[in-house]
Amino acid sequence: MPVARGDRARRVLGGGQVTRAAVVAGLGAWTPPTVVTNDDLAARLDTDDAWIRTRTGIRQRHVVGPGQATSDLAVEAGRRALASAGVERAGLLVVATSTPDQPLPATAPQVADRLGLGTVPAFDVAAVCTGFVYALATATGLIAAQVADSALVIGADSFSTILDPADRATRVLFGDGAGAVLLRAGAPDEPGALHGLHLGSDGSQHHLIERAGGGSRARTAVTAARREGQGEGHGDGTARDGYLAMQGRAVFAQAVQRTAESVRATADRMRWPLETIDRLVLHQANARITAGVGRRLGTPADRLLSNIDRVGNTAAASIPLVLADAAAAGDLRPGHRVVLAGFGGGLTWGSVGLVWPRLRGGPVPAAGPSDSPAH
Ligand code: COA
């Protein structure tokens, strides 16, 4: 009997019976070479290494150098994901980012061009630190709808470029990087098939993490000045509107609660009892947040993947970065039951499950500059 269109969509996105799944076939990640240690920050701000390590779990973070932009990170990660899948092209490109190279146009078409993908559909998804999971969901739907037979999904962010240099609470947390997976159309019961997608948002809490300037409300100086015909002007915003602002304690509480709920929803959709999940891959926001989620779900610490000590919070890049580091270290292995879960500004959250596949194109290098043996 033919499946009604609505039923089919619900089945694809709800994680039930699916006819054409999106299957993870490649993985890659990259961090820029410049490292900022806790001591480097303590030399410039009222903070210290012990506070940062005990309150966040972070030792260092990578940051973009002069002239380096989010697309540069995305291209490196995308190239690695294509190589790990053993392919040269993808039929669709989605870049999850909230630090695009520029407000308009999107970053993805440039990345597609630089990766030699030609004129494929390419667009950005903005869901802050949940961006990678939202982008996976988007690509899964487009593969199911036969818009493309494969998709490169990249999470890339350069938050160091939007932090207030004087704000110790955000400066210590965020780092830059990019990670990517190559998805291909496949069978729902194959290892690597994405299932159990769960997404959510709460816009009433949008003020908890925000960058107010540059949009249509707090307008940039040049835009507002031109509109008023004044030639020069300061628009409706202030210089601080260009910086990321965050209410840390409130975000912390929401992150633990929403992430745990989302993982539960995905596990229910997969019919996986929580104790059967081998690896929980949570957005790396703060080691105390991931530990809190683990406690709520009864997940042993050795099943929580982590690389926050080395990279900090890399926003949309965080989940594929920690996947790549764990795969390279042998801590993420074929056959593992894995749930990926993101949380971020919006507020937004989301989760997805898969059995980790054997990637055919070759080993996944740890996220880092190609010439750096330290990674
Ligand atoms: N170094 C030293 N002290 C710092 C500091 C730093 N880098 N940042 C904040 N503090 C101070 C605060 O000013 C405060 O001082 P006070 O008690 O004199 O007012 C004290 O530490 C405790 O602040 P609090 O905000 O309660 O600390 P915390 O344990 O919650 O840690 C964060 C602060 C930002 C690390 C934490 O709230 C956090 O990680 N929140 C989630 C942020 C996040 O994940 N955002 C992205 C989501 S995707």
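Mentor: Quick ground rule first: helices (H or I, at least four residues) and strands (E, at least two) are DSSP runs, numbered from the N terminus. This is a predicted model, so local features need pLDDT of at least 70 and side-chain atom pairs pLDDT 80 or more, while totals for chains, interfaces and linings use all residues. Residues are numbered from 1 along each chain as its sequence is written, and side-chain values use heavy atoms, without hydrogens or water.

Trainee: OK, helix 3 then. Which residue just after helix 3 has a positive phi, and what is the value?

Mentor: Start at the front end: Asp48 caps the N-terminal end of helix 3, with a side-chain oxygen 3.2 Å from the backbone nitrogen of Ala50. That's a polar contact (N or O atoms within 3.5 Å, one able to donate a hydrogen and the other to accept it). Now go just past the other end of the helix, and the residue is Gly57, with phi at about 85°.

Trainee: Which residue other than glycine has a positive phi?

Mentor: Most residues other than glycine have a negative phi. Look in the loop between helix 6 (131-144) and strand 6. Phi is near 65° there, and the residue is Gln146.

Trainee: On to the ligand. Which helix gives the largest share of the shell around the ligand?

Mentor: There are 25 residues around the ligand, each with a heavy atom within 4 Å of it. Helix 3 (49-56), helix 7 (168-171), helix 9 (248-270), helix 10 (287-297) and strand 12 (337-344) each put in at least two. The largest share is four residues, and it comes from helix 9.

Trainee: How far is the side chain of Arg249 from a ligand oxygen?

Mentor: Arg249 is listed among the closest residues, along with Thr47, Arg55, Arg168 and Asn286. For Arg168, a polar side-chain atom sits 2.9 Å from a ligand oxygen, and for Arg288 an N or O atom of the side chain is at 3.3 Å. For Arg249, the distance from a side-chain N or O atom to a ligand oxygen is 2.4 Å.

Trainee: Why does the aromatic pair count as stacked?

Mentor: There's one such pair in the structure, counting rings of Phe, Tyr and Trp (its six-membered ring) with centres within 6.5 Å; planes under 30 degrees apart are stacked, over 60 edge-to-face, the rest tilted. Phe159 lies between strand 6 (150-158) and helix 7 and Phe174 between helix 7 and strand 7 (176-186), so the pair ties together parts 15 residues apart in sequence. The ring centres of Phe159 and Phe174 are 5.0 Å apart, and the pair is stacked because the planes meet at 25°.

Trainee: Last one: which residue does a cis peptide bond join to Gly346?

Mentor: Leu104 and Pro105 share a cis bond, omega about 0°, with Pro105 in the loop between strand 4 (93-96) and helix 5 (108-114). The partner of Gly346 is in the loop between strand 12 and strand 13 (348-355). Omega is near -10° for this bond, and the residue is Leu347.
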